[in-house]
Amino acid sequence: MAHSARKDSPELPDFSILKRLAKDQLIYLLEQLPGKKDLFIDADLMSPLDRIANVSTLRQHEVDKLYKVEYKPIISTSDQICFLIRPRIQTVKWICDVANTDKTAGKFRRYKIIFTPQKFYACDAVLEEQGIFGDVTTDEWPFYLLPLDEDIISLELPEFFRDNFLAGDQRWVRTISNVLHQLYSLYGPFSKVYGIGRCSKMAYDAWKQNKEGEQKADHAAIGKMVLIDRDVDYVTPLCSQVVYEGLVDDIFKIKCGCVEFGPDVTSDNKSVKVMLNSEDKVFAEIRNEHFSNVFGFLSQKARNLQTAYDKRRGMDIQQMKTFVSEELKGLKQQHRLLSLHIGASESIMKKKTKQDFQELLKTEHSLLEGFEIRKCISYIEEHISRQVSMVESLRLLCLLSITENGLLPKDYRSLKAQYLQSYGVHHLLTFANLRQLGLLVEQQPGETLTVMESKVGKLVNDKAAGKLTDAFSSLAKKSNFRALSKKLNLVPKSEEYDLRIPRDMAYIFSGAYVPLSCKLIEQVLERDGWTGLEEVIRLLNGHEFTGPGCNGVDLGVKNDAQRIILVMFLGGCTFSEISALRFLGREKGFKFIVVTTAITNSSRLLEALLDNHV
């Protein structure tokens with residue numbers, strides 16, 4: 001059942017150097033403030049920091065006490081305070097309040113702010129405005145990439161999606177450019193770079209402009225790179241995940257490669273934190289599997305484990321000694337992990353059965369295929385009226401809108417009114433955000449898309465309009481899902497699909513849909529560019545590019561590195577997409593490395609757009 005790697009699969013590069021580099025840089029910055037100090041850390045940096053430098057490492061470098069940034073008066077008595085923060089105005093203002101409160105109280109301290117991954121001009125402006133610019137020292141910790149597994153690297157920047165795609169804030173483009181620089185320096189040169197999406201194009205262009213004097217590795221460890229914006233494909237993250245790792249993320253929330261299983265999984269009163277990666281041999285074999293196959297595998301694994309334990313019977317003393325020293329520890333570890341994954345699977349089954357999961361999947365598949373739309377709308381209306389879940393209802397509305405290229409005006413008004421009545425009128429702003437991104441839109445009566453595009457196009461081309469144009473440009477977006485689906489065969493012909501032996505990437509959605517993002521990656525690699533995909537590009541609103549990855553030279557070297565493809569998702573990537581790319585890699589003899597601004601799913605995507613988002 002478990003997918004096995006091809007014997008000729010290339011070896012992945014070692015990404016542990018990224019951790020060592022980040023750790024050394026942080027230690028250097030901490031030592032710039034000699035002596036004992038207290039360290040205040042942004043809440044969302046706690047988990048990534050723990051993967052880089054644990055508490056004992058920080059203590060070795062004279063960090064006395066650790067605190068979480070909580071936007072309230074501090075209780076630290078130290079004469080030196082260091083703040084490790086994201087470059088957010090709210091946090092900088094709070095630090096200014098702390099410093100000004102100390103000033104008023106006549107308390108002298110030394111303050112150091114370490115911004116990660118970089119500092120923005122606005123942060124310095126706030127320090128100056130609040131009158132403490134000269135009282136603090138500031139630094140940057142260029143911590144860009146956190147390896148979560150041998151083939152997954154995250155920037156851990158969930159705010160990237162909202163900032164870039166909704167607010168039109170391009171400040172993170174330089175960050176992506178720096179990420180490209182770091183990857184090139186350590187693992188390049190790349191033979192080719194392909195990309196699609198406005199942000200991808202800007203980041204690639206910024207990186208190309210700053211290549212002068214750039215160091216590169218002695219030999220290439222990565223062949224090609226593909227950059228893709230999240231707004232190229234919204235359908236995939238809006239579909240329910242049914243591969244094991246995706247379901248674990250949806251239900252238990254995988255955070256920074258770790259998950260916390262509660263008492264319902266551990267069959268104990270305690271919760272337990274588990275690192276989910278390829279070192280967990282049980283997890284490694286089921287992570288990419290359709291959930292329907294997982295129980296069978298775990299049962300077989302339990303039987304094999306029992307057989308291994310039963311070997312002890314009839315052993316002499318010497319054999320028993322060898323068994324205890326060489327095998328028993330490994331078997332006990334496997335037993336513990338197996339128990340946890342069986343518990344997690346049972347918990348998933350209970351939760352998904354309660355929510356009529358099969359009915360939900362049937363509705364999604366109908367939307368993807370374009371069948372029985374009125375029946376789907378009735379299901380969504382029932383979902384809203386029963387107040388099953390605010391985010392789930394929103395997800396179904398967005399999926400309906402994208403797959404139908406917008407809602408009919410009467411349907412849009414009716415569904416919107418029902419949603420606001422059920423979940424609160426304050427969600428009017430949520431609907432405005434979704435409309436702006438093209439996720440939930442009303443079809444324009446009597447106005448063709450071409451006319452609308454030309455109107456907005458004039459505004460977008462007006463440079464004087466500035467950042468405002470980015471927000472308006474999305475009004476011209478239309479998903480064109482049906483046309484794309486037909487062109488790329490995203491919805492396979494309805495026939496029996498054996499989920500135990502997947503035949504294509506559609507298995508990650510029970511055979512109902514091939515993720516658009518992964519299909520584009522497959523097509524671009526097959527064609528060595530965008531030639532032949534002109535119609536697809538037009539439907540996706542363009543911004544595609546193909547470029548050399550190494551100082552204007554296209555390397556045609558055929559070696560193992562050329563079969564290692566780095567895919568960067570700007571705006572988030574789901575575990576389902578990662579599973580699909582792993583499947584594609586096995587089929588084609590490639591190995592994919594996924595770099596993403598953050599791991600996302602439908603809940604995280606939509607929660608970033610809710611009106612109460614802070």
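**Sheets, core and ring pairs in a predicted model**

Helix α7, spanning residues 173-187, lies across two strands, β9 (224-229) and β13 (564-570), and runs at about 165° to β13. That packing comes from a predicted model, and it makes a handy way into the rest of the fold.

Taken as a whole, the chain comes to 26 helices and 14 strands. Of its 614 residues, 55% are buried. Long-range contacts do much of the counting here: among contacts with a separation of 6 or more, 78% are between residues 24 or more positions apart.

Both strands under α7 belong to an open sheet of 7 strands, which reads β6-β7-β14-β13-β9-β8-β12 and has mixed pairing. At its edges stand β6 (146-149) and β12 (544-548); each has a single partner strand, so one side of each is left without a neighbour in the sheet. Going from strand to neighbouring strand, the average turn is 20°, with direction ignored. At the β12 edge, the partner is β8 (residues 192-196), and the two pair in the antiparallel sense over 5 bridges. Within that pairing, Y194 sits opposite T546 of β12.

Strand β9 is worth a look through one of its residues, L227. L227 counts as buried because its relative accessibility is 0%, and buried means under 20%. Leaving aside neighbours within four places in sequence, L227 is in contact with L180, Y194, G195, I196, S200, Y204, F545 and M568. L227 also comes within 7.4 Å of L570, C-alpha to C-alpha, although their positions lie 343 residues apart along the chain.

M568 turns up again in the nonpolar interior. The largest nonpolar core has 189 residues, and W141 and M568 are the ones with the most contacts inside it. Helix α17 (residues 390-403) gives the most to this core, contributing 8 residues. With neighbours within four places in sequence set aside, M568 touches I176, V179, L180, L183, V226, L227, I228 and V595. C398 is buried too, at a relative accessible area of 0%.

There is a second open sheet, this one built from 5 strands in the order β2-β1-β3-β4-β5 with parallel pairing. Here the edge positions go to β2 (63-68) and β5 (136-140); each pairs with a single strand, so one side of each has no neighbour in the sheet. The twist averages 20° from one strand to the next. Strand β1 (residues 37-41) runs parallel to β3 and is joined to it by 4 bridges, with D38 standing opposite I81 of β3.

Aromatic rings pair up in a good few places: the structure holds 25 aromatic pairs. In one of them, F83 and W94 have ring centres 5.7 Å apart and planes at 90°, so the pair is edge-to-face. This pair links distant parts of the chain, with F83 in strand β3 (residues 80-85) and W94 in helix α4 (residues 89-104), 11 residues apart. F83 and W94 are both buried. The pair formed by F252 and F261 is edge-to-face as well, because the ring centres are 5.1 Å apart and the planes stand at 90°. F252 is buried at a relative accessible area of 11%, and F261 is buried at 1%. Ring pairs also join F83 and W94 with F40, Y67 and Y71 into a cluster.

As for cysteines, the structure holds 0 disulfides. C82 counts as buried, at 1% relative accessibility.

Finally, S485 lies in helix α22 (residues 481-488). Its relative accessible area is 10%, so S485 is buried. Apart from neighbours within four places in sequence, S485 is in contact with L490 and V491. S485 and E369 are 116 residues apart in sequence, with their C-alpha atoms 9.1 Å apart in space.

Notes:
Residues numbered from 1 in each chain as written. Predicted model: local features only at pLDDT ≥ 70, side-chain atom pairs only at ≥ 80, totals over all residues. Heavy atoms only, no water. Pairing = 2+ DSSP bridges. Axes fitted to C-alpha atoms, helices over the stretch in contact; angles between N-to-C directions. Contact = heavy atoms within 4.5 Å. Disulfide = S-S within 2.5 Å. Buried < 20%, exposed > 50% of the residue type's maximum accessible area, 1.4 Å probe, protein only. Phe/Tyr/Trp six-rings, centres within 6.5 Å; stacked < 30°, edge-to-face > 60°. Core = buried A, V, L, I, M, F, W, Y, C linked by side-chain atoms within 4.5 Å.
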